[in-house]
Amino acid sequence: MLNFLDKKVMLASQNPKKRDGRKKFKETRHPVYRGVRRKNPQKWVCEIREPNKKSRIWLGTFPTAEMAARAHDVAVIALRGRSGCLNFADSMWKLPIPASTTAKDIQRTAAEAAKAFRPTKLD
């Protein structure tokens, strides 16, 4: 855990993911980033499970895994607060916080945050 402004931050790189249980199919999850998986060779998608529910919030499709990971961090901060596992150490202070914990607000804020980290070569 890292300490930023006296707040403990749990990082995905320090808390490894469990292996995917699928044996027949190709692994599509990102090896490091949580909540990120490959849709096709050019796109990454992101979604997060709502706490205490079986439903998920779709966060979007992105051209890079890093953008999808930033979107996932916005949702983790909104839904789980400090106890969530983030992909990037600077997400707590660098990313916007949704106005509420509704799916629409989280999706909108996650898309805005990911757009801010879009590489210039893709524009």
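**Exercise 1. Find what the side chain of D105 meets in a salt bridge, and place both residues in the fold.**

Solution. The side chains of D105 and R108 meet in a salt bridge, with 2.8 Å from N to O. Keep in mind as you look that this is a predicted model.

Next, locate the two residues: both belong to helix α3 (residues 103–116), where they are three residues apart, about one turn of the helix.

Now check how accessible each one is. D105 has a relative accessible area of 14%, so D105 is buried. R108 has a relative accessible area of 47%, so R108 is partly exposed.

A further group is worth finding: R37, E47 and R56 are joined into one network by salt bridges that share partners. In the whole structure, a search finds six salt bridges.

**Exercise 2. Work out which residue R70 forms a salt bridge with, and which parts of the chain this ties together.**

Solution. Start with the general idea: side chains of opposite charge can pair when their charged atoms come close.

Here R70 forms a salt bridge with D90, and the closest N and O atoms are 2.8 Å apart. R70 lies in helix α1 (residues 65–80), whereas D90 lies in the loop between β6 and α2, so the pair ties together parts that are 20 residues apart in sequence.

Then turn to accessibility: R70 and D90 are both buried. For D90 the relative accessibility is 16%, and buried means under 20%, so D90 counts as buried.

D90 also meets the side chain of K94 in a salt bridge, at 3.2 Å from N to O. K94, at 41% relative accessibility, counts as partly exposed.

Finally, look at the rings beside R70. The charged end of R70 sits over the ring of F88, 4.0 Å from its centre. That charged end also sits over the ring of F117, at 4.1 Å from the ring centre.

**Exercise 3. Identify the one aromatic pair of the structure and decide whether it is stacked, edge-to-face or tilted.**

Solution. The structure holds one aromatic pair. Its members are Y33 and F88, whose ring centres are 5.3 Å apart and whose planes stand at 45 degrees, so the pair is tilted.

To see what the pair links, find the two loops. Y33 is in the loop between β2 (7–11) and β3 (36–40), and F88 is in the loop between β6 (85–86) and α2 (91–94); these distant parts of the chain are 55 residues apart.

Are the two residues buried or exposed? Y33 has 12% relative accessibility and counts as buried. F88 is buried too, with a relative accessible area of 17%.

**Exercise 4. Describe the sheet that holds β3, β4 and β5, and say what packs on it.**

Solution. Three strands form an open sheet in the order β3-β4-β5, with antiparallel pairing. The edge strands, each pairing on one side only, are β3 and β5 (56–62). From one strand to the next, the twist averages 30 degrees.

Zoom in on one pairing: six bridges join strand β4 (residues 43–49) to β5, and these two run antiparallel. E47 stands opposite W58 in β5.

Then add the helix. α1 packs on the sheet, where it touches β3, β4 and β5, and its direction makes about 10 degrees with that of β4.

**Exercise 5. List what G35 touches beyond four places in sequence.**

Solution. G35 is found in the loop between β2 and β3. Leaving out residues up to four places away in sequence, G35 touches V45, C46, E47 and H72. The C-alpha atoms of G35 and V45 are separated by 8.3 Å, and the two residues are ten residues apart along the chain. With a relative accessible area of 31%, G35 is partly exposed.

Technical notes
Residues numbered from 1 in each chain as written. Predicted model: local features only at pLDDT ≥ 70, side-chain atom pairs only at ≥ 80, totals over all residues. Heavy atoms only, no water. Phe/Tyr/Trp six-rings, centres within 6.5 Å; stacked < 30°, edge-to-face > 60°. Helix = DSSP H or I, 4+ residues; strand = E, 2+ residues; numbered from the N terminus. Buried < 20%, exposed > 50% of the residue type's maximum accessible area, 1.4 Å probe, protein only. Lys NZ or Arg CZ within 6 Å of the ring centre and 35° of its normal. Salt bridge = Lys/Arg side-chain N within 4 Å of Asp/Glu carboxyl O. Contact = heavy atoms within 4.5 Å. Pairing = 2+ DSSP bridges. Axes fitted to C-alpha atoms, helices over the stretch in contact; angles between N-to-C directions.
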